[in-house]
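Work through the exercises below with the structure open beside you. Try each task before reading its solution.

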Amino acid sequence: MLRSLFRARLPQRPALALRRYSLDTPSHAHPTPSADFLLDAYRKHCQNPALDLVVTLEKPAGRYSFNNLLRSASVSHAEYDQWQPVTTAPTMAVALDRAQAILAAKQGASHHSDSANGSGIFPTWALLSLLCKPPLSETEAFVAHRLAVSHPLTPSPDLGILALILAAFWLTRLKMHAPLQTILFHLARYHKHLHPYQVALVLRMIAGAEPIPELQRVISAFLHIAIRRKMYLSSGVYRALLDNPATSGPTAFMIERHMKRIGYTPNLSHSRAFVRIYGDSGRRKQAARHWRRIRHGEFFGQVPEYINSDDFQAHTVEDYLKAFKDPVQATSYVHYMAKNAAKAREALPDESLDLPLKPALRKPDDVPPNVWLRVLLVAARDPKTPTARLLTLLEEGRRVLHNSSKTLLATTIVIKSLLRRGEFEEILPLLSFALRQKHMLDTAQLSIVVEALTVLNRPDAAYRLIRELAQPHTDVSAGPPTSEGSSSSKDPQVDTQLVNTFMIALLRIGRPDAVFYLWDTLPRVFPGVEPSATTLAILLKSARFARKCEGALQVALQDFGLRRLLSRRGGDATTQTLDRAQALEGLERLLRRDERRVVNGFWRGERAGAVALRLVWRIMVGNWPLLASLRPPVRAIRRNADEQALSPVADLFHSVGGGQGDGGSQGEDDGEVLFPVDENGRTYFGIVPHDVMFRALLDLLAEEDQAGQVPLVLAWMKHLRVRPSKDTLATALVYWGEVSLEGPLIERWKGPGRSEYERLVEWIGKWVGKKGVPEREEMQRALRRVQYFRDMRTIGVRKVEGVDELIDV
């Protein structure tokens, strides 16, 4: 049955041995487009009779004899009659129901029917017909993607690849980024079978997905395949990738490498996009190269007349200035452009022909407002810029900027810089100005103001501002807000980035209880907003800090199962079942100012760390079932740092006895594989783990006395192709040393390279290479970081006089 194929435990229903997917389709099903255009594009390059059969089944045209189609596709009438209910199903949910019934009947008749014909559980043509039907829920798309991944690529690799592309297409439309990354990396494994048109289809599909940074690794993987095999990609593919707001500097560098590999000269739009991307990434050298090519006309195609226009030059200069890290250099470059403008004004007509090759302002004494804003942004990002100098620049800018929206943008840029510096007293007058202009805030600016209000210990006012100004999250196709340097007249929207900013600010003022409440009620408090890997990292950090808030009496009662004796405030065990009105009221009450409030460090009636670790296990194993079968490369000899051996004899006992188990998962049955839907119907397909999230998980494991799980987490990262930073590996080795290093006598007796600590270091070296292994500087920084948190008792709330006067309570 399909249950063994998906390797996911399907929720059981009474009196039903098989899951009825058609009963699970929600009333608010996702609207999804048709995949006909994908089939049409594929048929232009793939001439396969089985594909013609699939297209005929989906779009009957009557041009071919159906018997001839079956004969040319090598499909018998008996096989077609058996799978016809699946191909004629009106929806994917009904097709899955019928497929399970067919498989159950086949399994009861013969256990060798599938392996005999070598076509897997599904015939390829029937699987393609099923994947052509739009899924109406995330559950259907998840099951379809498991079917495509489990289907063998042979005997027809082109059709097997099409099945993977179709499944990935639906995952893209439903914004299910976790399984999307899985299926695309699975497709990249068959790089020897990929053709240029297939790689182009995949890249266009990813470029059209929701722009999130986590998908950039997948794009780089397919670009690497195209570079290595010298595949041709069209100008439209380049344009789609470069126009994606999430395209990073490394991805742009890979695109450039591919262009050089096939001898392609970028056109004007490509060069303009390179300047923008390299500018955002701080790669000044690369941005300058393309900026110079634009000015000299060194690009493919004719030089348009608007290239020397004031607007085009100003916008390109703005993007180039973002690459500067030193405000002095940025200011010097502006002065250089002013000199060129003065020379252009004084030059004779026949001498001014070469001047457009040099960057220049429109007027030598008139700096465009957007150019000045970029200089201010560079100064605000530089921590070496004195606060007084930054405030002086802002005052000078208010005289230059004759536009209220640009003045508000400059103010929020400085507020963000002051928040990073901890200069809270200087924020008050700027925050007062921003609140007076609150109806002009865009999403990025609202995020900065919300962070400032929360850090100043007024989360209730920050939440009211969000409710007052922000619209519900509707369309994410345009991508997340770019940075504090973007301006828009559109109404702000509540997106994941705004919620993350609010949550991390709540943690900064010592309110992990509010972070837990927001996580539980997120679908109701902010409809349409889904948690990301950054949201999960903030949750793990909050659970780690909540350990500092636990009282000895509370922990003792919890351990003895007497937690009910303590009074509950806020109903933390029932937050998941609240409706929207109750969730909104509860959050307002929780954020309300109360000097008597005591944060107890519990979540859902349990210790926050234990709940968070169970949640991570459900998310990770639910989205990637294979993680449940992974085993750590090494084993710990003690459970935590507090159980240090008291004598060499005790160390010898741990060494000979094999340590503290195999380091497998704790808190869950090792044989249990969870379906990616929790008990309240929430899914977490948008969470694609990254380096920062795994570092937060390592910190929480060590805080919860489970440092022995460090090798397992590193094995997860390797399986998911998440390349760790040196800081993450250093943190892992610090925690691992506490549970793996034995006494000096035993270490000397074992010899070099035989301790569990050294074995893990060797395993890491084989994984990331010699250059990726942390050195002394990273190890010392990780030690200081770990010691700082352990010595910290609580997060202090900075009380600033005059905050209440800014807000209408």
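The exercises that follow cover a helix pair, nonpolar cores and salt bridges in a predicted model.

**Exercise 1. A helix pair**

Describe how helix 16 and helix 18 pack, and sort the residues of their contact.

*Solution.*
Step 1. Find the helices: helix 16 spans residues 268-281, and helix 18 spans residues 310-321.
Step 2. Two packed helices are described by an angle and a distance between their axes.
Step 3. Here the axes come within 7 Å and cross at roughly 35°.
Step 4. List the contact. Helix 16 brings Leu268, Arg272, Val275, Arg276 and Gly279. Helix 18 brings Phe312, His315, Thr316, Asp319 and Tyr320.
Step 5. Sort these residues: four are nonpolar, three polar and three charged.
Step 6. Follow two of the residues further. Arg272 and Asp319 also belong to a salt-bridge network, together with Asp280 and Lys322.

**Exercise 2. The nonpolar cores**

Which residues have the most contacts inside the largest nonpolar core, and which helix gives the most to this core?

*Solution.*
Step 1. The largest nonpolar core has 127 residues.
Step 2. Phe526, Phe694 and Leu714 have the most contacts inside this core.
Step 3. Helix 31, residues 608-623, gives the most, with ten residues.
Step 4. Look around Phe526. Leaving out residues up to four places away in sequence, Phe526 touches Tyr463, Ile466, Val494, Val499 and Leu518.
Step 5. Now find the second, separate core. This one has 121 residues, among them Leu57, Val202, Met205 and Ala288.
Step 6. Put this in context: in soluble globular proteins, nonpolar side chains tend to be buried together.

**Exercise 3. Salt bridges**

How many salt bridges are counted, and where do the partners of three of them lie?

*Solution.*
Step 1. The count comes to 27 salt bridges.
Step 2. Take Arg239 and Asp243, which meet at 2.7 Å, N to O. Both lie in helix 14, four residues apart, about one turn of the helix. Arg239 has 39% relative accessibility, so it counts as partly exposed. Asp243 is partly exposed too, at 40%.
Step 3. Take Glu451 and Arg508, which meet at 3.4 Å, N to O. Glu451 lies in helix 24 and Arg508 in helix 26, so the pair ties together parts 57 residues apart in sequence. Buried means under 20%. Glu451, at 7%, is therefore buried. Arg508, at 33%, counts as partly exposed.
Step 4. Take Arg695 and Asp691, which meet at 3.0 Å, N to O. Both lie in helix 33, four residues apart. Asp691 is buried, with a relative accessible area of 13%.

Definitions and conventions:
Residues are numbered from 1 along each chain as its sequence is written. This is a predicted model: local features need pLDDT of at least 70, side-chain atom pairs count only at pLDDT 80 or more; totals for chains, interfaces and linings use all residues. Side-chain values use heavy atoms; hydrogens and water are left out. Axes are lines fitted to C-alpha atoms, for helices over the stretch in contact, and angles run from 0 to 180 degrees between N-to-C directions. Helices (H or I, at least four residues) and strands (E, at least two) are DSSP runs, numbered from the N terminus. Contact means heavy atoms within 4.5 Å. Ala, Val, Leu, Ile, Met, Phe, Trp, Tyr, Cys and Pro count as nonpolar, Asp, Glu, Lys and Arg as charged, and the others, Gly among them, as polar. A nonpolar core is a set of buried Ala, Val, Leu, Ile, Met, Phe, Trp, Tyr and Cys residues joined through side-chain atoms within 4.5 Å. Buried means under 20% relative accessible area, exposed over 50%, partly exposed in between (1.4 Å probe, protein chains only). A salt bridge is a side-chain nitrogen of Lys or Arg within 4 Å of a carboxyl oxygen of Asp or Glu.
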